[in-house]
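Here are my notes on this model, as promised. Have the viewer open while you go through them.

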Amino acid sequence: MSNVLVVGEIKDGALKKISKEITSAGKKIASELGSQVEVLLIGAGADGFASELAAVGADKVITANVADFNPEGYANLIAAVAKEKGSKVVLMPHTGMGKDYSPRVAVKLDAGIIADAVGLSVDGGKVVAKKPIYSGKAYANIKVTTDIQVITVRPNSQEVTQTAGAGATEATSQGVGETKSKITSTEMSGGNKIQLTEASIIVSGGRGMKGPENFPMLQELCDTIGAAMGASRAAVDAGWISHSHQVGQTGKTVSPNCYIACGISGSIQHMAGMGSSKYIVAINKDGDAPIFKVATFGVQADLFDVVPALTKEFKKALG
Ligand SMILES: Cc1cc2nc3c(=O)[nH]c(=O)nc-3n(C[C@H](O)[C@H](O)[C@H](O)COP(=O)(O)OP(=O)(O)OC[C@H]3O[C@@H](n4cnc5c(N)ncnc54)[C@H](O)[C@@H]3O)c2cc1C
């Protein structure tokens, strides 16, 4: 049985959490397939993270010290390693970078692809990916029927398990090959210090925020607890915050461990983007607001009382 190949990412000198999440998920899948999990870790300083990946399941860490991101180059490299290793399952992160290179990998491997899986299982020797459909109103279980299965996995959807793998390491001799484009510079949009789609805590503001002058209050809470700031479309359409913060059907799909919705009613379109969050905290004056139906914790109160009080208490607790 061929091994499962997992692709790990490094950004700004740090191992992305999703890399550990899909390593653990890959380990589980590999065990059920009677195979092992090999992690191809791409990025500057990849060698330094091998032990962290071994601790969460990697049987082998294949390092590629590639300094600059280029989706074409990443796809060339991943496909070359998958071919060399004879991988039949390739798991990649459904991150901004992953969304760019993963379809190219599938084409190069002549494989079917499932994007944005939130669950993985095995049936008849093939991986079955569970993914949200119809704006998160239902789930589909999908099996890629080609010889090689390519699947991208949503950040924060998989548990990191401390099941150690064999942890062998190897530097790949494969390279990024020829590319027809070059990224000359990148800049973060909208001023979020933490990427919304990969954040483990998100604090979002809606129409209940009343105006742009009140968003610094949310930013202070975000900074205190290390959260990214999101928003509803009502807040974005009003021009209070940029579209890069919008969560929902026509915004970003997020899946944090904790989503704190402030002054957001919980429309179907908003929930399409955050419904798979692990814990949802709703702060809303209206006890009948639909957001309370999906909230793990609900606070029926004025957000202008609750948010500053939360920030104050978190500051005390976190020092
Ligand atoms: C095709 C389509 C796509 C869409 N895509 C998206 C999308 O991607 N994302 C998205 O968010 N929406 C989207 N929408 C819009 C969506 O239908 C809603 O209009 C929007 O989500 C409402 O935003 P809101 O909850 O902030 O505002 P509202 O529905 O007006 O809710 C504001 C809430 O704030 C509460 N509130 C007011 N003052 C306070 C206070 N002081 N303290 C506490 N609570 C208070 C109110 O009780 C209310 O529940 C889309 C709509 C369409 C038709």
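Which residues are buried in α1? I'll start there, bearing in mind that this is a predicted model.

1. The buried set in α1 consists of Ile18, Ser19, Glu21, Ile22, Thr23, Ser24, Ala25, Gly26, Lys27, Ile29, Ala30 and Leu33. That makes twelve of the 17 residues, so the helix is mostly covered. Note that Glu21 and Lys27 are on the buried list along with Ile22 and Leu33.

2. The geometry of α1 checks out. The helix covers residues 17–33, and at 1.5 Å a residue it should span 24 Å; the C-alpha atoms at its ends are 24 Å apart, so the two agree. Just after the helix comes Gly34, with a positive phi of about 70°.

3. What does α1 lie across? The answer is β7 and β8, and the helix runs at about 5° to β7. These strands belong to an open, antiparallel sheet of three, ordered β7-β8-β9. β7 (119–123) and β9 (138–143) each have a single partner strand, so each has one side without a neighbour in the sheet. From one strand to the next, the twist averages 30°.

4. For the pairing inside that sheet, look at β8 (residues 126–133) and β9: the two run antiparallel and are joined by six bridges. If you want one pair to click on, Ala129 has Ile142 in β9 as its bridge partner.

5. There is also an open sheet of five strands, paired in parallel, in the order β13-β12-β14-β15-β16. Its edges are β13 (228–231) and β16 (297–300); each has a single partner strand, so one side of each lacks a neighbour in the sheet. Here, neighbouring strands are turned by 15° against each other on average, ignoring direction.

6. At the β16 edge, β15 (residues 279–284) pairs with β16 in the parallel sense over four bridges. Within this pairing, Ile283 has Val299 of β16 as its bridge partner. Two helices that pack on this sheet deserve a look. α5 (residues 215–225) touches β12 (201–205), β13 and β14 (258–262), and its direction makes about 175° with that of β12. α9 (residues 303–318) touches β14, β15 and β16, with a direction at about 130° to that of β15.

7. Is Arg154 buried or exposed? Its relative accessibility is 8%, so Arg154 counts as buried. The residue sits in the loop between β10 (149–153) and β11 (168–171). Leaving aside residues up to four places away in sequence, Arg154 touches Ile18, Glu21, His94, Asp116, Ala117, Val118, Pro132, Thr253, Val254, Ser255 and Ser276. Two of those contacts, Ile18 and Glu21, are among the buried residues of α1.

8. Last, the cysteines. How many disulfides does the structure hold? Zero. Why is Cys222 without one? The closest cysteine sulfur, in Cys262, is 8.4 Å from that of Cys222, which is too far for a bond. Seen from the other end, Cys262 is in no disulfide either, its nearest cysteine sulfur being that of Cys222. Both side chains are covered: Cys222 has a relative accessible area of 1% and is buried, and Cys262, at 0% relative accessibility, counts as buried too.

Definitions and conventions:
Residues numbered from 1 in each chain as written. Predicted model: local features only at pLDDT ≥ 70, side-chain atom pairs only at ≥ 80, totals over all residues. Heavy atoms only, no water. Buried < 20%, exposed > 50% of the residue type's maximum accessible area, 1.4 Å probe, protein only. Contact = heavy atoms within 4.5 Å. Disulfide = S-S within 2.5 Å. Expected span 1.5 Å × (residues − 1). Pairing = 2+ DSSP bridges. Axes fitted to C-alpha atoms, helices over the stretch in contact; angles between N-to-C directions.
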